[in-house]
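The following paragraphs offer a guided reading of a single protein chain. Please keep the sequence and the coordinates in view while following the text.

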Amino acid sequence: AGAVGERFVSLGDYVTTSFRLTTLQTVDPQRASFRVPERYADRLRVGQRVTFRVAAAEDREFQGVAGMFIEVRLATDVRPDAIVIPEDAILPLQGADFVWVVQASQASRRQVQLGVRTPGFVEILSGVVAGEQVVVGGQERLQEGAPVAPTVVERGLD
C-alpha cells in the first residue's frame, strides 16, 4: 500500500526488467530520513522531538506529519539567553571576527567570538552583551569613536 512517488520513465521510453520505473511511498506511517553530523551524536536520544517544515507551507511547523520535501530541524541544545545578531554585522579581519557597536552615539569596534550560525544570524559567545546595538550597514565608513546616528531595525528569529 502506498502512493506512486518519483517517475523515472516517460511514455514511449524503452525499458527492460532492470529499469527502475517509479518509487512507491509509504503513506501510513510516513517516515523522514535525515543525517545528523557526528559531533551531535552524544546529544541524540530515542524519542527526541523532531520538527520540520515543508516548502508548500513555510509558515507552519509539523511534528511527525509529511508528504512533501521537508526541512528538518533537530534541537540538540537550547540556550534561551543566547546573544544572537544578524550575520551581516560580522566583519572578518585577519583571522578574527569583529562587530561595530554603538556606545554613547559613537562607533566602537569589538572582537567577538562566534557560536552557532543559522541562516542570517550568528550567536555571539563573547564581545557583545545583550541589549547593545550592533551596526549592520555602512561599516566600511566607520572608524573608532566616529559619531553615529543609528536607525534601529528589528529582525525576528524563526
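A residue is called buried when its relative accessible area is under 20%, exposed when that area is over 50%, and partly exposed in between. The model discussed here is predicted.

With that scale in hand, consider Gln94, which has a relative accessible area of 81% and is therefore exposed. Gln94 belongs to the loop that connects β7 (91-93) with β8. Its phi is positive, at about 50°, although the residue is not a glycine. The background to this remark is that most residues other than glycine have a negative phi. A second residue of this kind is Ala104, whose phi is near 50° and thus positive in a residue other than glycine. Ala104 is placed in the loop between β8 and β9. Its relative accessibility is 73%, so Ala104 counts as exposed as well.

The loop that holds Ala104 leads into the pairing of β8 and β9. Strand β8 spans residues 96-103 and strand β9 spans residues 106-118; the two pair in the antiparallel sense over 7 bridges. Within this pairing, Val102 has Ala107 of β9 as its bridge partner. The hairpin leaves 2 residues between the strands, and it is here that Ala104 adopts its positive phi.

Strand β9 also pairs with β10. Strand β10 covers residues 121-126, runs antiparallel to β9 and is joined to it by 4 bridges. Gln113 stands opposite Ser126 of β10. In the hairpin of β9 and β10 there are again 2 residues between the strands, and Gly120 takes a positive phi near 90°.

Which elements give two or more residues to the largest nonpolar core? That core has 11 residues: Ile85, Ala89, Ile90, Val99, Val101, Val112, Leu114, Val122, Ile124, Val128 and Val134. The elements contributing two or more of them are β8, β9 and β10. Apart from this core lies another, made of 6 residues, including Val102, Ala107, Leu142 and Val148. Val102 and Ala107 are the bridge partners already met in the pairing of β8 and β9.

Val112, a member of the largest core, illustrates the surroundings of one such side chain. When residues up to four places away in sequence are set aside, Val112 touches Ile90, Asp97, Phe98, Val99, Ile124, Ser126, Gly127 and Val128. One of these residues, Phe98, takes part in a further arrangement: the charged end of Arg109 sits over the ring of Phe98, 4.3 Å from its centre. As for ring-to-ring pairs, the count comes to 0 aromatic pairs, where pairing requires ring centres within 6.5 Å.

Polar residues can also be followed into buried positions. Glu123 lies in strand β10. Is Glu123 buried or exposed? Its relative accessibility is 6%, so Glu123 counts as buried. The side chain of Glu123 makes a polar contact, at 2.6 Å, with the side chain of Arg79. Beyond its neighbours within four places in sequence, Glu123 is in contact with Arg79, Ala82, Ile83, Val84, Gln113, Leu114, Gly115 and Val116.

Gln139 is a further example, found in the segment after β11 (133-134). With 10% relative accessibility, Gln139 counts as buried, because the limit is under 20%. Its side chain reaches the backbone oxygen of Val135 at 3.2 Å. Leaving aside neighbours within four places in sequence, the contacts of Gln139 are Asp88, Ala89, Leu91 and Trp100. Among these, Ala89 is a member of the largest nonpolar core.

The reading now turns to earlier parts of the chain. Strand β3 (residues 51-54) and strand β4 (residues 57-62) run antiparallel and are joined by 2 bridges. Phe52 has Phe62 of β4 as its bridge partner, and the hairpin from β3 to β4 passes through 2 residues.

Thr76 is placed in the loop between β5 (70-73) and β6 (83-86). Its relative accessible area is 23%, which means that Thr76 is partly exposed. Thr76 and Arg43 are 33 residues apart in sequence, yet their C-alpha atoms are 5.8 Å apart in space. Arg43 is also one of the contacts of Thr76, together with Tyr40 and Gln48, when neighbours within four places in sequence are left aside.

Conventions
Residues are numbered from 1 along each chain as its sequence is written. This is a predicted model: local features need pLDDT of at least 70, side-chain atom pairs count only at pLDDT 80 or more; totals for chains, interfaces and linings use all residues. Side-chain values use heavy atoms; hydrogens and water are left out. Two strands pair if DSSP finds at least two bridges between them. Rings of Phe, Tyr and Trp (its six-membered ring) pair if their centres lie within 6.5 Å; planes under 30 degrees apart count as stacked, over 60 as edge-to-face and the rest as tilted. A charge sits over a ring if NZ of Lys or CZ of Arg is within 6 Å of the ring centre and within 35 degrees of the ring normal. A nonpolar core is a set of buried Ala, Val, Leu, Ile, Met, Phe, Trp, Tyr and Cys residues joined through side-chain atoms within 4.5 Å. Buried means under 20% relative accessible area, exposed over 50%, partly exposed in between (1.4 Å probe, protein chains only). Contact means heavy atoms within 4.5 Å. A polar contact is a pair of N or O atoms within 3.5 Å; within protein, one must be able to donate a hydrogen and the other to accept it, and residues adjacent in sequence count only if both atoms are side-chain atoms.
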